[in-house]
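Open the model in a viewer and keep the sequence panel visible. The stops below are given in the order in which to select them.

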Amino acid sequence: MEQRIGNSFARQSMMTTFGVRIDEIAEGRVTLSAPILETALQQQGAAHAALTFALGDSAAGYSALTMLPEPQEVMTAEMKINLLAPARGQRLRAVGRVVKPGRRLIIVTADVY
């Protein structure tokens with residue numbers, strides 16, 4: 001599972017651009033983190049919501065992938081984000097987890113701190 005996700009993650013150029021790393025992989029759960037770089041700030045100095053969104057999307061997607069046999073893959077079908085506070089600090093951490101594994105859709109969530 002770790003090798004499969006690591007190989008997939010290495011093919012995501014956007015994650016490389018943002019400096020994202022994999023912190024944890026477990027069945028139904030993946031944690032990713034990224035530095036808040038000067039190149040990913042919005043006009044008020046907080047991390048841009050696009051960074052938060054991308055990090056949460058990938059953590060949630062990889063948590064779903066932990067539930068699937070090879071060669072099945074995942075792709076986001078729908079996503080909603082609630083931004084509760086500005087993302088300030090050194091790093092963002094996203095914890096993706098499977099809520100309900102289905103046959104055609106896997107319901108996932110991600111919290112980004």
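Select Ile-81 to begin. In this predicted model, Ile-81 has a relative accessibility of 31% and therefore counts as partly exposed, since buried would require under 20% and exposed over 50%. Its place is the loop between helix 3 (49–65) and strand 3 (91–101). Now add Phe-53, Met-79 and Leu-83 to the selection: together with Ile-81 they make a nonpolar surface patch of about 310 Å².

Next, go to the other loop on this tour, the one between strand 2 and helix 3, and select Ile-36 there. Is Ile-36 buried or exposed? With a relative accessibility of 15%, Ile-36 counts as buried, because the cut-off for that class is under 20%. To see what surrounds this side chain, show the residues that Ile-36 touches beyond four places in sequence: Leu-41, Ala-47, Ala-87, Arg-88, Gly-89, Gln-90, Arg-91 and Leu-92. Then draw a distance from the C-alpha of Ile-36 to that of Phe-18; the two residues are 18 positions apart in sequence, and the distance reads 8.3 Å.

Move to helix 1, residues 2–10. Which residues of helix 1 are buried? Select Arg-4, Ile-5, Ser-8 and Phe-9, the buried ones. Looking down the axis, you will find that these residues cover an arc of only 130°, so they lie on the same side of helix 1. The general geometry accounts for such spacing: an α-helix has 3.6 residues a turn, so residues three or four places apart point the same way. Turn to the other side of helix 1 and select Glu-2, Gln-3 and Ala-10, which are exposed. To show what covers the buried residues of helix 1, display helix 2 (13–18), strand 1 (21–26), strand 2 (29–35) and helix 3, which are among the covering elements.

The next stop is the salt bridges, of which the structure holds two. For one of them, select Arg-21 and Asp-23, whose side chains meet with an N to O distance of 2.7 Å. Arg-21 is partly exposed at 44% relative accessibility, and Asp-23 is partly exposed at 37%. For the other, select Glu-24 and Arg-29, where the closest N and O atoms are 3.2 Å apart. Both partners are again partly exposed: Arg-29 has a relative accessible area of 32%, and Glu-24 has one of 31%.

Finally, clear the selection and colour the whole chain by secondary structure. Three helices and four strands should appear, and along the sequence they follow the pattern α-α-β-β-α-β-β. The radius of gyration is 14 Å, close to the 13 Å that the globule rule gives for 113 residues, so the protein is as compact as a globular protein of that length. Aligned to its principal axes, the set of C-alpha atoms fills a box of roughly 45 × 25 × 20 Å.

With the surface switched on, the accessible area comes to about 7400 Å², and carbon and sulfur atoms contribute 51% of it. Colouring by burial marks 36% of the 113 residues as buried. A contact map is a useful last view: among contacts with a separation of 6 or more, 60% are between residues 24 or more positions apart.

Key. Residues numbered from 1 in each chain as written. Predicted model: local features only at pLDDT ≥ 70, side-chain atom pairs only at ≥ 80, totals over all residues. Heavy atoms only, no water. Patch = residues over 30% accessible without salt bridge, like charges linked within 9 Å, V, L, I, M, F, W, Y side chains within 5 Å. Areas by Shrake-Rupley, 256 points an atom, 1.4 Å probe, with all protein chains shown as cover. Salt bridge = Lys/Arg side-chain N within 4 Å of Asp/Glu carboxyl O. Helix = DSSP H or I, 4+ residues; strand = E, 2+ residues; numbered from the N terminus. Buried < 20%, exposed > 50% of the residue type's maximum accessible area, 1.4 Å probe, protein only. Arc of directions from axis to C-beta. Contact = heavy atoms within 4.5 Å. Rg over C-alpha atoms; globule rule 2.2 N^0.38 Å.
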